[in-house]
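Trainee: Could you take me through this model and show me how its features are to be read, one after another?
Mentor: Gladly; let us look at it together and begin with a small detail of the backbone.

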Amino acid sequence: MKIATYNVNGIRSRLPNLLEWLEREAPDIACLQELKAVDEGFPIGAINDAGYGALWAGQASWNGVAILAKGVDPVESRRGLPGDAKDTQSRYLEAMAHGILVGCLYLPNGNPWPGPKFEYKLAWFERFLRHAQRLLDSGQPVVLAGDYNVVPTDEDIYDPTHWRRDALLQPESRDAYARLLAQGWVDALRKRHPDERIYTFWDYFRQHWPRDRGLRIDHVLLAPPLAGRLKDANVDRWVRDQPKASDHAPTWVELSASAPKRTVAKKAPAKKAAPKKAPAKKAASRRSRTEA
DNA sequence: ATGTCATTGAGGCAATGA
């Protein structure tokens with residue numbers, strides 16, 4: 001089960017890139033952000049033809065999110081974050097697909113900092129924290145995937161020097177993200193790669209992609225019921241190298257199949273006592289990453 | 001401030017957001 005998030009930066013101009021990625025990587029669920037298209041402009045025909053069902057929340061010019069599911073129509077559970085009836089920006093969509101409850105988010109960028117856009121970012125984040133806690137409390141297998149517009153630590157950027165006054169690195173942004181993780185969510189990319197520099201976004205300026213000067217701002221968070229199923233997580237960097245690429249690359253997790261229902265019957269006696277695999281699985285023997 | 005790209009509204013480019 002592969003679940004991905006991809007900020008397409010304009011789904012109409014990016015449709016060829018999106019379709020090629022869907023064909024090559026075949027995610028079971030894909031969360032998209034920055035559609036930059038009204039509902040009527042969403043290319044549902046091409047996406048259906050690619051073998052995906054979809055839900056989307058469009059908006060003129062900016063924002064816009066969508067959830068794609070391979071072979072099925074995702075079942076919508078929420079459209080928009082609760083907590084502010086006046087917020088009309090299309091930044092959150094939630095649906096059930098393939099046995100996973102997936103929240104697709106496009107957290108406000110917040111630049112320029114300081115200012116009202118940054119205040120909006122923090123307010124949105126607080127609403128998101130409240131909703132995330134409720135999802136966690138529900139005990140469901142939830143994935144929260146999207147463009148969080150937060151560089152969690154200085155290990156998540158090529159060089160923070162020029163970004164100190166950017167909304168993506170502000171202590172308030174990082175603190176909100178840290179509080180989200182403290183609720184119990186697992187940052188899947190970081191869990192799988194504790195000590196690597198991993199980027200998901202390279203801006204269009206100053207040849208940042210060819211020089212691999214990136215930021216990690218697209219995140220896939222797993223609720224505890226899914227944490228034990230994490231097999232792998234990574235970034236489809238090749239997508240960023242395509243002609244007319246988005247400034248983001250798809251970021252994904254691979255989950256093992258859900259555990260078979262446990263019955264009362266004991267498992268069949270093992271023919272040979274299989275050597276216990278070293279309990280390195282969740283030993284968390286290396287535990288050194290801290291905030292700078 | 002700058003860099004680049006997508007979008008829009010008007011126009012043959014400038015403003016805006018990221």
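**Reading the model, feature by feature**

Mentor: Ala26 sits in the loop that connects helix H1 (15–25) with strand S2 (29–33). Keep in mind from the start that this is a predicted model.

Trainee: What is the phi of Ala26, and how exposed is the residue?

Mentor: Backbone angles are read residue by residue, and a positive phi is noted here in a residue that is not a glycine: for Ala26 the value is about 45 degrees. Its relative accessible area is 28%, so Ala26 counts as partly exposed. Lys36 can be read in the same manner, with a positive phi near 55 degrees, and this residue too is something other than glycine. Lys36 belongs to the loop between S2 and helix H2 (44–49), and its relative accessibility of 24% makes it partly exposed.

Trainee: Which peptide bonds are cis, as judged by omega?

Mentor: Omega describes the peptide bond itself, and a cis bond is recognised here by a value near 0 degrees, as in the bond from Asn111 to Pro112. A cis bond also joins Trp113 to Pro114, where omega is about -5 degrees. As for their setting, Pro112 is in the loop between S7 and helix H3 (116–138), and Pro114 is likewise placed in the loop between S7 and H3.

Trainee: Where does UniProt place the active site?

Mentor: An annotation is a statement from a record, to be set beside the coordinates; in this case the unreviewed UniProt entry assigns the feature "active site" to Tyr106, Asp147 and His248. These residues span 143 residues in sequence, yet no two of their C-alpha atoms are more than 12.7 Å apart, so they gather at one spot. Tyr106, Asp147 and His248 are also included in the lining of the second largest pocket.

Trainee: How is that second largest pocket described, in volume and in lining?

Mentor: A pocket is read through its volume and through the residues around it, and the volume of the second largest pocket is about 640 Å³. Its lining consists of 27 residues, among which Tyr106, Asn109, Gly110, Asn111 and Asn149 lie nearest the centre. By character, the lining of this pocket divides into 10 nonpolar, nine polar and eight charged residues.

Trainee: Is Tyr106 buried or exposed?

Mentor: Accessibility is judged against a cut-off, and since buried means under 20% relative accessible area, Tyr106 counts as buried at 8%. Tyr106 lies in strand S7 (residues 100–106). Apart from neighbours within four places in sequence, the contacts of Tyr106 include Asn7, Arg91, Trp124, Asp147 and Asn149.

Trainee: And where is His248, and which residues does it touch?

Mentor: His248 is found in the loop between helix H7 (237–240) and strand S12 (251–255), and with a relative accessible area of 4% it is buried. Leaving out residues up to four places away in sequence, His248 touches, among others, Tyr6, Asn7, Asp147, Phe201 and Asp218. The side chains of His248 and Asn7 are joined by a polar contact of 3.4 Å.

Trainee: Which residues does the domain annotation cover?

Mentor: A domain annotation gives a span, and the unreviewed UniProt entry has "domain: Endonuclease/exonuclease/phosphatase" covering residues 4–248. The end C-alpha atoms of residues 4–248 lie 12 Å apart, and the span is 27% helix and 24% strand.

Notes:
Residues numbered from 1 in each chain as written. Chains lettered and ligands numbered in written order. Predicted model: local features only at pLDDT ≥ 70, side-chain atom pairs only at ≥ 80, totals over all residues. Heavy atoms only, no water. UniProt positions renumbered as here; feature names shortened; annotations may be inferred. 1 Å grid on protein atoms, 1.4 Å probe; cavity = no way out; pocket = protein on both sides within 12 Å on 5 of 7 lines; lining within 4 Å. Helix = DSSP H or I, 4+ residues; strand = E, 2+ residues; numbered from the N terminus. Buried < 20%, exposed > 50% of the residue type's maximum accessible area, 1.4 Å probe, protein only. Contact = heavy atoms within 4.5 Å. Polar contact = N/O pair within 3.5 Å; in protein donor to acceptor, adjacent residues only side chain to side chain. Points joined across faces, edges and corners; volume = space filled by probe spheres on them. Nonpolar A, V, L, I, M, F, W, Y, C, P; charged D, E, K, R; others polar.
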